[in-house]
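Subject: Handing over a structure

Hello,

I am passing this structure on to you, and I hope you enjoy looking through it. Please open the view here first, and then read on for what turned up.

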Amino acid sequence: MGDVPVLTRRTDSGVLSLRELRRRDARAWREVRAHNHAWLSRWEATVPPGSGEVVPSFGQMVSRFRAEARAGRTLAWAMTLDDRLVGQVTAAGIMFGSLRGASIGYWIDSRFAGRGLTPIAVAMACDHCFATLRLHRIEIVVRPENAASLRVVDKLGFRHEGSRPSFLHIDGQWRDHEVFALVEEELTGRLVDRIATRHESPRTGFPATEDPN
């Protein structure tokens, strides 16, 4: 796999793009995260006490993402709107062989929430995973209290598969999560085309593109 592709879609709010998270995004990324601390902290993964691990710096995080992309295990996208960084979408735990699956996580700047951008961005990432990587299954895990994220999986048509008690260390405690999944056989065409009809007018819609550069 190696490279993180650029995925682009025009929406009523502007040009929505997914592209590789870069070191030069540090200032914009930190500003967005600082502004959204209260908005995001309830849903953020945390390091369990006594684990001996430390939270990586932004530069270390980008380096890890690049190494994981080269190994074919992770695709970490910056979500941008008209070239402004507004969030992130990550396809992690990518596996091939007999499983061919991945897990997708996402967040968005609260100043851009409610415009339908997150479902479209996640749909773009899913379509790449299904059509280009030829994955069979994509999973999204959500805390049951996260109403906004639950709306995203509902709009995307992900099935509820069950619960995972104490699944991830979030906001200082081990938290229960609900599991949602979608497999290739459940798709009819591109997922982004299905979701975009709810958030785009005919004058703005155009096929998603992948930029090899």
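Leaving aside neighbours within four places in sequence, which residues is Arg-66 in contact with? Please keep in mind that this is a predicted model. The residues that Arg-66 contacts, with those neighbours left aside, are Glu-20, Arg-22 and Arg-23. Arg-66 itself sits in helix H3. With a relative accessibility of 30%, Arg-66 counts as partly exposed, because that class runs between the 20% limit for buried and the 50% limit for exposed. If you would like a distance to check on screen, try Arg-66 and Leu-21: they are 45 residues apart along the chain, and their C-alpha atoms are separated by 8.8 Å.

Now to the other side of one of those contacts. You will find Arg-22 in the loop between strand S2 (14–20) and helix H1 (26–35). Arg-22 also counts as partly exposed, at 27% relative accessibility. Not counting residues up to four places away in sequence, Arg-22 touches Phe-58, Val-62 and Arg-66. For another distance, take Ile-140, which is 118 residues from Arg-22 along the chain: the two C-alpha atoms are 24 Å apart.

Next, the helix that comes after that loop. The buried residues in H1 are Ala-26, Trp-29, Val-32 and Arg-33. Looking down the axis of H1, you will see these buried residues fall within an arc of 135 degrees, so they line one face of the helix. What do they pack against? Their partners are helix H2 (37–40), helix H3 (58–70), strand S4 (84–95) and S5. On the face of H1 turned away from the buried side are the exposed residues Arg-27 and Ala-34.

Helix H5 (residues 147–156) can be read in a similar manner. Its buried residues are Ser-149, Val-152, Val-153 and Leu-156. Down the axis of H5, they fall within an arc of 90 degrees, so these residues line one face of the helix. The cover over them includes strand S5 (101–108), helix H4 (117–132), strand S6 (137–142), strand S8 (173–183) and helix H6 (191–196). Arg-151 and Asp-154 are exposed, and they are carried on the face of H5 turned away from its buried side. After H5 comes Gly-157, which has a positive phi, near 80 degrees.

Finally, a step back to the whole protein. How many helices and strands does the protein have? There are 6 helices and 9 strands. The radius of gyration is 17 Å, close to the 17 Å that the globule rule gives for 213 residues, so the protein is as compact as a globular protein of that length. Along the principal axes, the C-alpha trace spans about 55 × 40 × 35 Å.

A few totals may help as you explore:

- Of the 213 residues in the protein, 46% are buried.
- Taking contacts between residues at least 6 apart in sequence, 67% join residues at least 24 apart.
- The accessible surface is about 10900 Å², and 51% of that surface belongs to carbon and sulfur atoms.
- The protein has 30 positive and 26 negative charges, and the mean positions of the two sets are 4 Å apart.

Happy exploring, and best wishes.

How values were computed:
Residues are numbered from 1 along each chain as its sequence is written. This is a predicted model: local features need pLDDT of at least 70, side-chain atom pairs count only at pLDDT 80 or more; totals for chains, interfaces and linings use all residues. Side-chain values use heavy atoms; hydrogens and water are left out. Helices (H or I, at least four residues) and strands (E, at least two) are DSSP runs, numbered from the N terminus. The radius of gyration is taken over C-alpha atoms; the globule rule is 2.2 Å times the number of residues to the power 0.38. Buried means under 20% relative accessible area, exposed over 50%, partly exposed in between (1.4 Å probe, protein chains only). Contact means heavy atoms within 4.5 Å. Accessible areas come from the Shrake-Rupley method with a 1.4 Å probe; for residues, only the protein chains shown count as cover. Lys and Arg count as positive and Asp and Glu as negative; His and the chain ends are not counted. The place of a charge is taken as NZ of Lys, CZ of Arg, CG of Asp or CD of Glu. The arc is that of the directions from the helix axis to the C-beta atoms.
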